[in-house]
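The report that follows goes from the pairing of strands to the cores, and from there to the domains and the chain as a whole. It is best read with the sequence and the model side by side.

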Amino acid sequence: MIFKMFPAAELEDLFALLAVNRIIGPISKGLNKDGHELFDFDHVTDFSHLKIAYTQTIHSAKKFCLPHHEETSTFTFTGDDWQKEVDFGAHQPLVLFGLHPCDINSLNKLDKVLMDSIYPNPFYGAKRQNMLIIGHSCTPQPACFCQSMGTDTVLAGCDLFLTLLGDDYFAEVHSSRAYHLLEQLDCWEPGAKDHARFRASIEKRSDSFTNTVDTSDLTKILDMEFASQVWQQWGERCLSCGTCAQVCPTCYCYGIEEKVDMDLSRAVKNKQLYSCNLIDFAEVAGGHNFRPESHTRLKYRYYHKHRGFVEAFEEALCTGCGRCGTSCLAGITVPEVIASVRGGSHDA
Ligand code: SF4
Ligand code: SF4
């Protein structure tokens with residue numbers, strides 16, 4: 001790994017170098033009902049709008065490679081045959097500027113399913129391969145439990161990762177693209193003192209997490225607690241609204257809908273992200289619903305993320321970002337659900 005340092009004031013220069021592309025970064029989205037500032041990822045054209053010291057965005061950057069809705073293909077009848085047009089949606093390179101470790105790791109998890117599995121998704125892959133990612137250090141928030149999930153640091157999945165150390169940035173260079181970008185800034189090689197400052201900042205951040213999930217032997221505990229009454233109790237609280245999946249950086253389930261014009265001249269195929277908590281998620285042709293009760297759907301979501309995905313990919317499909325709990329109107333959070341399944345202090 002190559003490390004560099006540069007003055008924090010030159011972040012604007014880095015932004016300007018990248019601004020020939022479309023830059024996506026954290027910006028302010030107003031205040032919540034308690035007067036706290038809300039942030040979300042959006043197109044940024046002016047560096048002064050970039051809120052690089054943001055706490056957490058409402059949504060992750062997933063939407064830029066896995067949109068909630070996309071028209072994947074159109075079919076037009078030209079007289080004697082159908083003409084098919086496919087739009088992969090990768091119209092221009094994107095720079096994701098200022099992603100926190102959990103959100104970079106969420107893309108790494110999605111890559112395993114949507115790019116590296118035996119059934120890759122070309123709509124995801126086309127957009128994902130057209131990105132440059134600048135990661136940025138963060139301050140753990142009360143809902144964050146990424147440390148428990150092993151996603152609080154970044155080993156791969158970005159081009160550059162920046163940690164703010166006072167008036168300077170400590171830069172971890174992950175790609176040659178990033179290396180050449182830094183050549184255009186006023187960089188220096190970090191010395192022993194810089195490395196010591198970096199280590200001290202990492203340790204200070206590690207000690208500041210307040211939310212945890214005990215993941216030890218969790219797949220086996222989930223196997224043993226499949227019939228636990230705890231699921232019923234959480235299911236009674238769940239509103240089956242699907243908000244948790246909507247804000248989750250790792251949920252990728254989707255449905256396909258085909259619409260055909262009445263005169264059969266044109267058809268479109270739409271892809272829509274979906275939530276396994278919605279009532280019709282497991283409904284099949286003929287009207288049978290394999291999971292008609294909310295507790296079976298909620299349980300399925302937890303078993304997919306913390307058991308099935310771990311069996312398949314040796315890691316959970318959860319980054320511990322805490323967004324689902326923060327957004328849930330019923331106050332259902334991952335740490336509380338897992339603790340209750342383990343027989344801990346949190347009750348449904
Ligand atoms: S867990 Fe919460 S956010 Fe998710 S579907 Fe149930 S009520 Fe909605
Ligand atoms: S399940 Fe919740 S905590 Fe885990 S990645 Fe999704 S939104 Fe974040």
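Two strands are taken to pair if DSSP finds at least two bridges between them. By that criterion, in this predicted model, strand E7 (residues 131-136) and strand E8 (residues 160-165) pair in the parallel sense over 3 bridges, and His136 stands opposite Leu162 in E8. On E6 (94-99), 5 bridges make the connection to E7, again with the strands running parallel, and here Phe97 stands opposite Ile134 in E7. A further pairing joins E4 (69-77) to E5 (residues 82-86), this one antiparallel and made of 5 bridges.

The three pairings are set out below.

| Strands | Sense | Bridges | Opposite residues |
|---|---|---|---|
| E6 and E7 | parallel | 5 | Phe97 and Ile134 |
| E7 and E8 | parallel | 3 | His136 and Leu162 |
| E4 and E5 | antiparallel | 5 | Phe77 and Trp82 |

E4 and E5 form a hairpin with 4 residues between the strands, where Gly79 takes a positive phi near 130°. Of the 5 residues of E5 the number buried is 0, so this strand lies largely in the open, and its Trp82 is the bridge partner of Phe77.

Two of the residues named in the parallel pairings, Phe97 and Ile134, return in the largest nonpolar core, which has 38 residues and in which they are listed, together with Ile24, Leu96 and Cys158, as those with the most contacts inside it. The largest share of this core, 5 residues, is contributed by E6. A second core, separate from this one, has 30 residues, including Cys144, Tyr302, Phe309 and Cys321. As a general tendency, nonpolar side chains in soluble globular proteins are buried together. For Cys158, once neighbours within four places in sequence are left aside, the residues in contact are Leu99, Ile104, Ile133, Ile134, Gly135 and His174.

Which residues of helix H1 are buried? In this helix, formed by residues 11-18, they are Leu11, Leu14 and Phe15. Viewed down the axis of H1, these buried residues fall within an arc of 100°, so they line one face of the helix. An α-helix has 3.6 residues a turn, so residues three or four places apart point the same way. On the other side of H1, by contrast, Glu12 and Ala16 are exposed. The cover over the buried residues of H1 includes strands E2 (22-31), E6 (94-99) and E9 (168-173) as well as helix H5 (176-182).

At the level of domains, the assignment for the protein chain gives domain 1 (2-206) and domain 2 (218-341), whose centres, taken over C-alpha atoms, are separated by 25 Å. Between them, 32 residues of domain 1 are in contact with 26 residues of domain 2. On the side of domain 1 that touches domain 2, the elements giving two or more residues are strand E4 (69-77), helix H2 (101-114) and helix H4 (146-149).

Taken as a whole, the protein chain holds 12 helices and 11 strands. Its radius of gyration is 22 Å, close to the 20 Å that the globule rule gives for 348 residues, so the chain is as compact as a globular protein of that length. The C-alpha trace spans about 65 × 65 × 40 Å along its principal axes, and buried residues make up 32% of the 348 residues. Among contacts with a separation of 6 or more, 70% are between residues 24 or more positions apart.

How values were computed:
Residues numbered from 1 in each chain as written. Chains lettered and ligands numbered in written order. Predicted model: local features only at pLDDT ≥ 70, side-chain atom pairs only at ≥ 80, totals over all residues. Buried ≥ 20, exposed ≤ 12 C-beta atoms within 10 Å, placed from the backbone. Arc of directions from axis to C-beta. Contact = placed C-beta atoms within 7 Å. Core = buried A, V, L, I, M, F, W, Y, C linked by C-beta atoms within 7 Å. Rg over C-alpha atoms; globule rule 2.2 N^0.38 Å. Domains from an automatic or database assignment.
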